[in-house]
Structure formats: C-alpha cells, structure tokens
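Visitor: Please walk me through a model I have not seen before. I would like to learn how to read its features.

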Amino acid sequence: MLATLANVRFELGVAQLAQLPPDRGREIAFAGRSNAGKSSAINALTNRRKLAFVSKTPGRTQQMNFFRLANGTYLVDLPGYGYAQAPGGLRREWGKVIAGYLQHRRALGGLVLIMDVRHPLTSLDVSLLDWFTPTGKPILILLTKADKLSRGEATGQLTAVRRQVAQRYPTCIVQLFSSLSRLGVEQAQSWLAALLAQGVQAQGGPQ
Ligand code: GDP
C-alpha cells in the first residue's frame, strides 16, 4: 500500500461552488456513470471497505465528496451521472457546479474516469472527455469489473478503448481494473501517488 493513499477520511460534501475548499494544494477527481463501480474503485484504491459509500448516503449522492489523504491532498468523488440522458445532457444533469469545478479548478491535478469494461465510452463518458481534455490535465480511464470477462475479452476491450481514445484524447491512459480481484489496483495507485506527489512538491512540502 502506498503511503500517499493511507489514512484517508471523509472531510466535506460540496453542493455549491462557494462551499469548495480553497483552490490550492492538489486533488484528483473521480467520475463515472452511476453503477459503473466508482465507489468500489475508490475503496479498493484506498484499501478501505466502505469509505466511498459515504457518497451514497442520503443527501450526499448529488454532492462532490472530498476525501482527505494524510499528506493534505484530496480525492474528490463526483456524483455519478445517469445513463438514460441524451448526449449533451451531461452538463445539465451535473449542473454548472461540476462543470465549473472540472474546467476551472487549479488544484485539480487530473481525473480518474471509471467505466464498466463491458460498456465503455458511453455518450456521456465521451461528452466528459470532450470538455475535460482541453484542460490538458491527465486522465486515467479504469475499465473496471474486468473480472466479469475472460482474460481474452478484457484485453480485447482494453485494446479497443485505447485505439478509440488515442487520437482524440491524447491525455488519457487506459487500464483494466477490478475492485473484486484487485486487478490493476497497484498500477492505478502508482498513477495517483505520482500525480499527488507533484502537487505536494509544487507547494514545497506537505501542508
Ligand atoms: P458506483 O455507483 O459507480 O459507485 O458503483 P458501485 O461501486 O456501487 O458498484 C456498482 C455495483 O457493481 C455493485 O453491485 C458492486 O458490487 C459492483 N462492482 C463494482 N466494482 C466491481 C468489480 O470490480 N467487479 C465486480 N464483479 N463487481 C463490481
């Protein structure tokens, strides 16, 4: 377990931009379609069984939930987006709060985008990639629930998604993941730790 991701705790739920903590330090946001496996992924990555289920408690499902790590950085769990909406509905559904946060937050170092390996790149995922990519910040796509496919099928999906994002979304990297089997957990933890460490260095050390 990487020390960076240890000792995480829920700190704050944010429903309006005015409630955001000061825009300094370093945070990484998690987004994905509802039920894609985002809470399970956050729990697996932080080695906590129930941490991100805070985000599923009444009153918190539409909030951005800030989880503070030991070094003063944050993981930010964004509300899951639905799958019944028409393309282009992402902005409306999530509201201006989330859009404003993702596009303008300086402390935001990058985005983890969770997709069910069996249903990757839905129209809402693509909308999100379309408007986050211009920030130039790195994106880690986790193709989760990989345990539900054979190894060959999962690798096939990985190759297909990598091919689809390569041209249009050059800031993306894509990997297989499973919260159940823990496939890809260490790889994703390394990505998070490296990105969080950059923020801490930029400030001249932990706060
Ligand atoms: P969220 O709505 O995106 O936060 O999704 P959850 O983390 O609550 O997961 C939705 C459902 O998928 C739950 O029933 C989880 O147990 C299941 N799930 C999540 N990740 C995995 C995984 O890696 N493998 C399997 N087999 N099931 C998973």
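Visitor: Which backbone atom lies 2.8 Å from an oxygen atom of the ligand?

Guide: A polar one of Ser179, in this predicted model. Such a polar contact is a pair of N or O atoms within 3.5 Å. The protein buries 74% of the 570 Å² that the ligand exposes when taken alone. Areas here come from the Shrake-Rupley method with a 1.4 Å probe.

Visitor: What lies 2.7 Å from an oxygen atom of the ligand?

Guide: A polar backbone atom of Lys38 does. For Lys56, an N or O atom of the side chain is 2.7 Å from a ligand oxygen.

Visitor: How many residues surround the ligand?

Guide: There are 17, each with a heavy atom within 4 Å of the ligand. Lys38, Ser39, Ser40, Lys56 and Asp147 come nearest. Helix α1 (residues 38-46) gives the largest share of this shell, three residues. Helices are DSSP runs (H or I, at least four residues), numbered from the N terminus.

Visitor: Is Thr159 buried or exposed?

Guide: Thr159 is partly exposed, because its relative accessible area is 41%. Buried means under 20%, exposed over 50%, and partly exposed in between. Thr159 belongs to helix α4 (residues 151-168). Its side chain reaches the backbone oxygen of Thr155 at 2.9 Å.

Visitor: What should I know about the numbering and the values?

Guide: Residues are numbered from 1 along each chain as its sequence is written, and side-chain values use heavy atoms, leaving out hydrogens and water. Local features need pLDDT of at least 70, side-chain atom pairs count only at pLDDT 80 or more, and totals for chains, interfaces and linings use all residues.

Definitions and conventions: A polar contact is a pair of N or O atoms within 3.5 Å; within protein, one must be able to donate a hydrogen and the other to accept it, and residues adjacent in sequence count only if both atoms are side-chain atoms. Helices (H or I, at least four residues) and strands (E, at least two) are DSSP runs, numbered from the N terminus. Buried means under 20% relative accessible area, exposed over 50%, partly exposed in between (1.4 Å probe, protein chains only).
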